[in-house]
Amino acid sequence: MVFSVDRSEIAFFDLETTIPTRHGQPYAILEFGSILVCPKKLIELESFETLVRPHDLSLISASSVRANGITADAVVSAPTFSDIADRVYDILHGRVWAGHNILRFDCVRLREAYVQINRPPPEPKGTIDSLALLTQRFGRRAGDMKMASLAAYFGLGQQSHRSLDDVRMNFEVVKHCATVLFLESANPGEDIPIPIPIPSNEAMVEDSSSTTQSDAFTPQTEFLPSNEVSMASITVSSSSVSPYFHGSHKIQILHRDIPLQIRCDSMRIRFGLSTKYLDHAGRPRLSFVVDANSSNLCDLLNACDNITKRFMDSDSNSEWRPLVSRKPGFYDSPTIRFHLRTEDGDGSGWTTEIYKKESSSLSSLSIPQLVTSSRYDVAELDWLFRPGGFVDAYLCLDPYNYQQNAGIRLVAKKLPFGYAT
């Protein structure tokens, strides 16, 4: 997505919502608070806060009141979300968003609120989720890394669970953590690790599961079948990007000093398209599950898991999610998840090239608009990803470490489809 105006300020924001008391009950926004921060001077430029009246006041339960102190009487005269939607859009759209756990909660709730009023939601230029970022870069020095724990760690007082107060506390926590990390970086012993060679194939196989993507797709790269990959030639390298942004610790898996990309032929689809995983703005990342049809492929993916996990372990408390999934009772029927590739930057569409194989030749499908749709309506693609179908996959490997989960995503750049006869 292209933003016509350079909006360089960082928008820290927070929502207070109701707490659902039964399955299927929706969240309702009760308060919105935000500040705009100058990224060069790290000073607050302006602020906005408002209570919000939900369409159904009965959603404000005793649990909600205990969590944030916002009662039905407090919001009965407040504007509805529809009343403030334009102001919120103007604050957020085209800026970098920042907040604590915003990727999993606030971004999702915000998108839901705009859907309910049939309005397009604001889109971020980037995101800074301080829960994920600080857990990764600052470690668990503050225990569970909740905002209240971080504030107590730095002596910033108690969390009020009101939007604007929490936003300002979040900003102060980020500044304190950044200062500590900056001072620690002066230690010469804190250099980024150099690439580590992988041991032999046999030594690495062990039992075995939204913004990062591999940009390596140059004329010098190629997609290798798993049986042509020399496991002794696999290394992992890292480079440092901006310390404030999700995905700041760029990790690449290399084969003979070139980003490793693999080709998997005739993969049988076990489960069709899933939208359970979300991107930086709360939109679905498309993925599907295939049968792991080759022990050689499983060995390669296990090896990539092991070397990358070992590379991350020195500064990560995250739970590793292996590439090859073996469910209890189905150990001999392993599966692998493939992800469709999203556009760099805003994640507004999918860029995986999809083909349909016909008589041993490839002809491009006539549905590229569905793959790059900004509406995220995937219903019309279900027929293509139906269980039992077969697909060849051209994959890049994207390591991630986010919100205490780490692993490697297999991101499809090309998917030629065919079906068993």
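Let me begin with one residue: Met145 has a relative accessibility of 1% and therefore counts as buried, where buried means under 20% relative accessible area, exposed means over 50%, and partly exposed lies in between, with a 1.4 Å probe and protein chains only. The model in front of you is a predicted one, in which local features need pLDDT of at least 70 and side-chain atom pairs count only at pLDDT 80 or more, while totals for chains, interfaces and linings use all residues. Residues are numbered from 1 along each chain as its sequence is written, and side-chain values use heavy atoms, with hydrogens and water left out.

Met145 sits in the loop between helix 5 (130-137) and helix 6; helices here are DSSP runs of H or I with at least four residues, strands are runs of E with at least two, and both are numbered from the N terminus. What is the phi of Met145? It is near 65°, a positive value in a residue other than glycine. Most residues other than glycine have a negative phi. Arg256 also has a positive phi, near 55°, and it is placed in the loop between strand 8 (249-255) and strand 9 (258-259). Is Arg256 buried or exposed? With a relative accessible area of 53%, Arg256 is exposed.

Let me step back to the whole protein, whose secondary structure comes to 10 helices and 18 strands. Of its 421 residues, 50% count as buried. The protein exposes about 19900 Å², and carbon and sulfur atoms supply 50% of that area, as calculated by the Shrake-Rupley method with a 1.4 Å probe.

Now to helix packing, beginning with helix 5 and helix 7 (residues 163-185), which pack at an angle of about 20° with their axes 11 Å apart. The axes are lines fitted to C-alpha atoms, for helices over the stretch in contact, and the angles run from 0 to 180 degrees between N-to-C directions. Helix 5 and helix 7 are therefore roughly parallel to each other, because angles under 35 degrees count as roughly parallel, over 145 as roughly antiparallel, 65 to 115 as roughly perpendicular, and the rest as oblique. Their contact, meaning heavy atoms within 4.5 Å, is made by Ser130, Leu134 and Arg137 of helix 5 together with Asn170, Val173, Val174, Cys177 and Leu181 of helix 7. By class, this contact has five nonpolar, two polar and one charged residues; Ala, Val, Leu, Ile, Met, Phe, Trp, Tyr, Cys and Pro count as nonpolar, Asp, Glu, Lys and Arg as charged, and the others, Gly among them, as polar.

Turning to helix 3 (residues 81-92) and helix 4 (residues 102-116), we find axes that come within 11 Å and cross at roughly 130°, and the two helices are therefore oblique to each other. The residues in contact are Phe81, Ala85, Val88, Tyr89 and Leu92 of helix 3, and Leu110, Ala113 and Tyr114 of helix 4. That contact has eight nonpolar, no polar and no charged residues.

My last residue is Ala151, which lies in helix 6 (residues 147-153) and is buried, with a relative accessible area of 0%. Which residues does Ala151 contact, leaving aside its neighbours within four places in sequence? They are Leu156, Gly157, Met169 and Val173, and Val173 is also one of the helix 7 residues in the contact with helix 5. The C-alpha atoms of Ala151 and Glu172 are separated by 8.5 Å, although these residues stand 21 residues apart along the chain.
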